[in-house]
Amino acid sequence: MSTINIKEIIEKEIHEDDIKTRSQFMDSFKGEVSAFIDGLTDAFYKWEEYDSKIDTDIRKAYVSAFLYNAIDSLTLSMKLFLSGYIIPSGNLLRYTLESLCLAILCSDKSLPYYEKIEQNKFSANAALNCVLKNAEKLNIIKESIETLKGIYEYNHNYSHATLLSLYHIFSKRGEQYFGPSFDKGKMVIYKKETETRVNLAKVFSNIIEGILHG
């Protein structure tokens, strides 16, 4: 990357969208994108069902807010991924999981987590471990919880400056990317990233269903 045109490159990244990169991702993962949309659509309808039954229950309002936040952030995570912003997309996916787990913990009034969360005395970093710890008591099917665990462990690598994060800013030819990118040499990992988001979208409905009838 020449230092002569670096200002132009930065200005372009700030002011313009990379339509070419997004088109390459969309063309490569049409089926997965469709499945993702269907999964989150089902989840949104389940969320609406839950939200309609809140009445004046503050605890349920927290659950609803965390669920809505998770649906919204997962949508944005997929959008960023398909736009070539792999690292921030991975960060946002972890944020999605934490919000979803906080909703699960708040949903069971026999557990002590809602009060801690409401008083801002609970770390979101501990949310998944607490869900796993209370898996048998929570009304969430085991497969869904295992899906959350696998995705969280994988995306932990995106929350820090790791070798995985470096992998996404360099091509296999040794060139560095600035901003969004689509590298045909990384299709295997792109496929895994896409499937991760599709799988999470698919279990959303099951999780909200469990919360509804918990």
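At what angle do helix 2 and helix 4 pack, and how far apart are their axes? The legends below, which describe a predicted model, begin with this pair.

**View 1. The packing of helix 2 against helix 4.** Two packed helices are described by the angle between their axes and the distance between the axes. Helix 2 spans residues 19-28 and helix 4 spans residues 58-82; the angle between them is about 110°, and their axes lie 8 Å apart. Helix 2 is therefore roughly perpendicular to helix 4, because angles from 65 to 115 degrees are placed in that class.

**View 2. The residues that join helix 2 and helix 4.** From helix 2, the residues Thr21, Arg22, Phe25 and Met26 take part in the contact. Their partners in helix 4 are Lys79, Phe81 and Leu82. By character, the residues of this contact comprise 4 nonpolar, 1 polar and 2 charged.

**View 3. The largest pocket.** Rolling a probe the size of a water molecule over the atoms shows where empty space is left. The largest pocket has a volume of about 560 Å³. Its lining consists of 17 residues, of which Lys12, Asp18, Thr21, Phe178 and Pro180 are the closest to the centre of the pocket. Two elements, helix 1 (6-15) and helix 2, each supply two or more residues to this lining. Helix 1 contributes the most, with 4 residues. Sorted by character, the lining of the largest pocket holds 6 nonpolar, 4 polar and 7 charged residues. Thr21 thus appears in two views: it belongs to the contact of helix 2 with helix 4, and it is among the residues closest to the centre of the largest pocket.

**View 4. The surroundings of Thr194 in helix 10.** Helix 10 covers residues 187-212 and includes Thr194. Is Thr194 buried or exposed? Thr194 counts as buried because its relative accessibility is 0%, and buried means under 20%. Beyond its neighbours within four places in sequence, Thr194 is in contact with Phe29, Glu32, Met78 and Phe81. One of these partners, Phe81, also belongs to the contact of helix 4 with helix 2.

**View 5. The surroundings of Ser205 in helix 10.** Ser205 is a further residue of helix 10. With a relative accessible area of 12%, Ser205 is buried. Which residues does Ser205 touch, when those up to four places away in sequence are not counted? They are Gly39, Asp42, Ala43 and Lys46. Gly39 and Ser205 are 166 residues apart along the chain, yet their C-alpha atoms are separated by 7.5 Å.

Conventions
Residues are numbered from 1 along each chain as its sequence is written. This is a predicted model: local features need pLDDT of at least 70, side-chain atom pairs count only at pLDDT 80 or more; totals for chains, interfaces and linings use all residues. Side-chain values use heavy atoms; hydrogens and water are left out. Axes are lines fitted to C-alpha atoms, for helices over the stretch in contact, and angles run from 0 to 180 degrees between N-to-C directions. Angles under 35 degrees count as roughly parallel, over 145 as roughly antiparallel, 65 to 115 as roughly perpendicular and the rest as oblique. Contact means heavy atoms within 4.5 Å. Ala, Val, Leu, Ile, Met, Phe, Trp, Tyr, Cys and Pro count as nonpolar, Asp, Glu, Lys and Arg as charged, and the others, Gly among them, as polar. On a 1 Å grid over the protein atoms alone, a cavity is a set of points where a 1.4 Å probe fits but cannot get out, and a pocket is an open set with protein on both sides within 12 Å along at least five of seven lines; lining residues have an atom within 4 Å of a point. Grid points are joined across faces, edges and corners, and a volume is the space filled by probe spheres set on the points. Buried means under 20% relative accessible area, exposed over 50%, partly exposed in between (1.4 Å probe, protein chains only).
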